[in-house]
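I set aside some time today to go through this model and jot down what I looked up. Here are my notes, in the order I made them.

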Amino acid sequence: MRLLFHCQPLTGLGHYVRCREIARACAERHETWFATGARRFPGDRAAPGVRFFDLAPLARRDGRIDAVPGAMDARRRALAGAVRSVRPDVVVIEHVPFGKPELLDEAAALARDARDGGAKVVCSLRDIALRGQYESAFEEERGAAVCAYLAAWFDAVLVHGDPAVTRLDEQIPWAGRIPVPVAYTGYVARAPGPPPARARDAVVVSTGGGAEAAGFLDPVREAWPTRWRAGGAGRVPGALRRGGGRLHRAPRGVARGRAPLREQGRLQHLRRRPRGARPGAAGAVVGHGRPGVARGAARWRPPLVSRGQ
């Protein structure tokens, strides 16, 4: 089978890492291609067997797409060329149309070209599908638009979560009207490597790409005043910056960094780590079998937690 993945992160890198891990696993049995305009970082192409199509880079800054002139047209031409060259049996589009409204036209053009060639089109969706700040504030309006888009361009939705933890119908009132099959795959995380000969006594704090990091880092530093390391995938919150964009000097024994994949490689060497509640980070903690502390998002609580379980 020939698979073509489309994944375009606009803020952090968690969506990219999850989608790339799925593509890496698929490449063990299928011919797999991956189209992205994600910013480059160390280890970003660590997916043996996956062939990459580079698209013009995109990012979201202050609610607007940041790209060079003509980038969107160039991306559509590149994706059309990828479909012609790969002739995929399945196209996997990450997160659209549940989010990233800036990519709706691009994803629809890709889906149309793929379906014209006989391919199936699948939405790859993270475990939580709450409305983003750049989408319609009216949930029914959003639901009608998403369902119509799915009916027009998609054949199925894959939710990368566990329905025993949370289901789509517990998050969005219109989940029952989704017009295509929905399947839960379980959570996605990098497979752990061999155990180390000696574990390091350290704490890793993962803040993700959001702006809530400052409120999490200080209590952690006070609770574990030993060696720890903080890392995040997105832009460093303003509360941690000085003028000119430089980070505050870290306390003694503390290192701050922004390379999430390097941190994931260190997880198996640590005895303990409190971590911010990001799906990729949480999956890494479970996968490596280390104790963790999750700080949940203020605007959503998993049903099991809400029910005191």
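**Entry 1: the cover over α4.** I started by asking what covers the buried residues of α4. The cover includes α3 and β8. This is a predicted model, so I keep that in mind for every entry below.

I then listed which residues of α4 are buried, and got R142, G143, V146, C147, Y149 and L150. Looking down the axis of α4, I found these buried residues within an arc of 160°, so they line one face of the helix. I also checked the length of α4: at 1.5 Å a residue, its 15 residues should span 21 Å. The end C-alpha atoms of α4 are 21 Å apart, which agrees.

**Entry 2: β8 and its partners.** Next I turned to β8, one of the elements covering α4. Is β8 mostly covered or mostly open? Mostly covered, I noted, with four of its five residues buried.

I followed the pairing on either strand. β7 and β8 pair in the parallel sense, over five bridges. β8 also runs parallel to β9 (residues 182-184), and three bridges join them. V157 was a handy residue to trace: this β8 residue is the bridge partner of C123, and in β9 the bridge partner of V157 is V182.

**Entry 3: the cores.** V157 turned up again when I looked at the largest nonpolar core, which has 40 residues. I wrote down the residues with the most contacts inside this core: I93, F98, L125, V157 and I178. Which elements each supply at least two residues of the core? My list has the strands β2 (31-36), β6 (90-94), β7 (120-126) and β8 (156-160), and the helices α2 (71-86), α3 (104-116) and α4 (139-153). A reminder to myself: in soluble globular proteins, nonpolar side chains tend to be buried together.

Apart from this core lies another, of 19 residues. Among its members I noted C19, A27, A38 and A47.

**Entry 4: the loop between β6 and α3.** I spent a while on this loop, where I found H95, P97 and K100.

Is H95 buried or exposed? H95 is buried, with a relative accessible area of 11%. K100 is buried as well, with a relative accessible area of 9%; the cut-off for buried is under 20%.

I looked up what H95 touches, leaving aside its neighbours within four places in sequence. H95 is in contact with H15, K100, C123, S124, L125 and R126. I was pleased to see two familiar names there: C123, the bridge partner of V157, and L125, which I had listed for the largest nonpolar core.

The backbone of the loop deserved its own note. The peptide bond from V96 to P97 is cis, with omega near 10°. Phi of H95 is near 75°, a positive value in a residue other than glycine. K100, also not a glycine, has a positive phi near 55°.

**Entry 5: the whole protein.** Last, I stepped back for the totals. I counted eight helices and 14 strands. Of the 309 residues, 43% are buried. Among contacts between residues at least 6 apart in sequence, 71% join residues at least 24 apart. The accessible surface comes to about 15500 Å², and 52% of it belongs to carbon and sulfur atoms.

Terms used:
Residues numbered from 1 in each chain as written. Predicted model: local features only at pLDDT ≥ 70, side-chain atom pairs only at ≥ 80, totals over all residues. Heavy atoms only, no water. Buried < 20%, exposed > 50% of the residue type's maximum accessible area, 1.4 Å probe, protein only. Contact = heavy atoms within 4.5 Å. Areas by Shrake-Rupley, 256 points an atom, 1.4 Å probe, with all protein chains shown as cover. Core = buried A, V, L, I, M, F, W, Y, C linked by side-chain atoms within 4.5 Å. Expected span 1.5 Å × (residues − 1). Arc of directions from axis to C-beta. Pairing = 2+ DSSP bridges.
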